[in-house]
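Reader: I would like a close look at one part of this model, with the salt bridges as the way in. Please keep the answer connected.

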Amino acid sequence: MTEFISKRLPNVKNDVLSGITVALALVPEAVAFAFVAGVDPLVGLYAAFMVGLITSIFGGRPGMISGATGALAVVMVSLVARGNDMGAPGENLGLYYLFATVILMGFIQIMAGVLKLGKFVRLIPHPVMMGFVNGLAIVIFLSQLGMFKKSIGGEKVWLQGMELYLMMGLVGLTMLMMWVLPKFKLTSKLPEALLAILTISAIAIFFNFDVATVGSFIRDGGGEGLKGGLPMFQIEMFSKVPFNWTTIKFIFPYALILAAIGLIESLMTLNLIDELTDTRGNGNKECVAQGSANIITGLFGGMGGCAMIGQSIINIKSGGRGRLSGIVAALTLLAFILFASSYIEQVPIAALVGVMFMVVVGTFAWSSFRILNKVPRSDVFVIILVSALTVIFDLAIAVFAGVIVSALVFSWENAKRIRARKRVREDGTKVYEIWGPLFFGSISAFNEKFDAKNDPDHIEIDFVESRISDHSALEAILNLVKKYETENKTIHLKHLSEECKALLYKSDPRFHEIIINDIDDPRYHLAANPEEFPKSLSEYHL
């Protein structure tokens, strides 16, 4: 136990400080995503607190930060709007439908973890991963551009003149500090992101700059401020949302989409953090933790959430590695809401935008430009496709499309690799030696290799360098045998896999006579006669 604690104590300082940094960056993000979803800012802040705390304690990836995200918010906006239309004006029924949907979303995610579906994220090809991080970096960048607008008469307009120059100057200074400080080893005590935020805040307050702050950002969006209380159990939801088949039909599609998006983003972020830290997280455990967090969040008035790649990278780059960093971030965010709202509201938005821009720089896979002419064109297409779809639609659509395209390309390439080497023995038997995988994509090429009408009376098909991959391949073999039997010719099969033989025996008892079992695999042989080996160590002469 002492050794366990001693190994983690040296990083406590980094975990605490990086957690505080992440908490500062979480505030405008959670508020912005709440506005996107059409709910009160506190709904987003409560989600960031509850989802972040629960997943940090019970999740499968220490150091990963979860909270309210834009990928989920863009789906929720339609749900909230339709829910509001079902109730009386001002009843805000859409909010309660959102809570119910988030709870159902959590149960779906828990089921995914129990069924161990998290491991399927390993099937996502690397080009899809590169497209994912590139697209997400672009999305983060575009989301920050909204911070360069201000509200005039209820409409958002771009900053101009001195306001724009001052905003750009503070953003640039924040980015410069985060780039320069590590080079001079000035961040051994405090993370560069936290130092930059504190410095820019001090400059803006000291010189009384007229710039947007966290407080003004919330008020421009229609909120009353950051101040709030503890999350409360939403008992009203059970009286406002009827538990019947109509409600299930309404919320289930949204819950399913939200669960899929949340798990995909969380598991892909988990993989990315694994690469950055050279460690391995537990995807199935993360699924259960995300689901549990969303159930609790829905019950206590939060909008739900998932892993946040931007804040996770801020945490890792700031030195956060353990669960403590996420716990500190969540508890610090709650402390901001309860006790320090007046101070946090003074933090300039420019400082937080600068931090997020540096996250964009760190997230984007710049190496993808260098490898464009070094990898197959299909991989280049997948990278660009996934990046574009992530920006245009959402992460789930982008990843599914990327995986489907990659799978189709893989199938097409393997379909072209089926080969048949033909030879005739002295006894007149024609032998077909099959090379390459036999599956649905290669069936047509496989059938073209044979000439049942003109072949001799005795045929032998050797599958020693081929493997039967699916039901289509089994059907192809069955049809081929029938074709030769129709021509009154004898056919034998050898070196079939045990699974394939079992299926063929089950489909037709005649295969017991057609398949040759008593034969060795020619690819494996002993270098010497086993009888020549010494029978005991004493026979070795050293």
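Is Lys 416 buried, partly exposed or exposed?

Author: This is a predicted model. Lys 416 is partly exposed, because its relative accessible area is 43%, which falls between the limits of 20% and 50%. The salt-bridge partner of Lys 416 is Glu 413, and the closest N and O atoms of the pair are 3.7 Å apart. Glu 413 also counts as partly exposed, at 33% relative accessibility.

This pair belongs to a wider set, as the whole structure holds 13 salt bridges. Another of them joins Glu 163 to Lys 150, with 2.7 Å between the closest N and O atoms. Glu 163 sits in helix H7 (residues 161-180) and Lys 150 in strand E2 (residues 149-152), so this salt bridge ties together parts that are 13 residues apart in sequence. Glu 163 is partly exposed, with a relative accessible area of 29%, and Lys 150 is partly exposed as well, at 27%.

A further salt bridge, 3.1 Å from N to O, is made by the side chains of Glu 498 and Lys 501. Both residues lie in helix H22 (residues 498-507), three residues apart, about one turn of the helix. Glu 498 is exposed, at 56% relative accessible area, whereas Lys 501 is buried, at 9%. Elsewhere, Arg 425, Glu 460, Asp 462 and Lys 494 are joined into one network by salt bridges that share partners.

Glu 460 of that network is also among the residues touched by Lys 430, as are Asp 455 and Val 424. The side chains of Lys 430 and Asp 455 are joined by a polar contact of 2.9 Å. Lys 430 counts as buried because its relative accessible area is 15%, under the limit of 20%. Lys 430 belongs to strand E6 (residues 430-435). Strand E5 (residues 419-424) pairs with E6 in the antiparallel sense, over six bridges. Within this pairing, Arg 421 has Glu 433 in E6 as its bridge partner. The two strands form a hairpin with five residues between them, and Gly 428 in the turn has a positive phi of about 90°.

The surface also has a nonpolar patch, formed by Ile 138, Phe 141, Leu 142, Val 391, Ile 392, Phe 393 and Ile 397, with about 600 Å² of accessible area together. Helices H6 (126-145) and H18 (377-392) are the elements that give two or more residues to this patch. H6 gives the most, with three residues. Val 391 has its place in H18 and is partly exposed, at 31% relative accessible area.

Conventions. Residues numbered from 1 in each chain as written. Predicted model: local features only at pLDDT ≥ 70, side-chain atom pairs only at ≥ 80, totals over all residues. Heavy atoms only, no water. Helix = DSSP H or I, 4+ residues; strand = E, 2+ residues; numbered from the N terminus. Buried < 20%, exposed > 50% of the residue type's maximum accessible area, 1.4 Å probe, protein only. Polar contact = N/O pair within 3.5 Å; in protein donor to acceptor, adjacent residues only side chain to side chain. Contact = heavy atoms within 4.5 Å. Pairing = 2+ DSSP bridges. Patch = residues over 30% accessible without salt bridge, like charges linked within 9 Å, V, L, I, M, F, W, Y side chains within 5 Å. Areas by Shrake-Rupley, 256 points an atom, 1.4 Å probe, with all protein chains shown as cover. Salt bridge = Lys/Arg side-chain N within 4 Å of Asp/Glu carboxyl O. Lists of a residue's contacts leave out its neighbours within four places in sequence.
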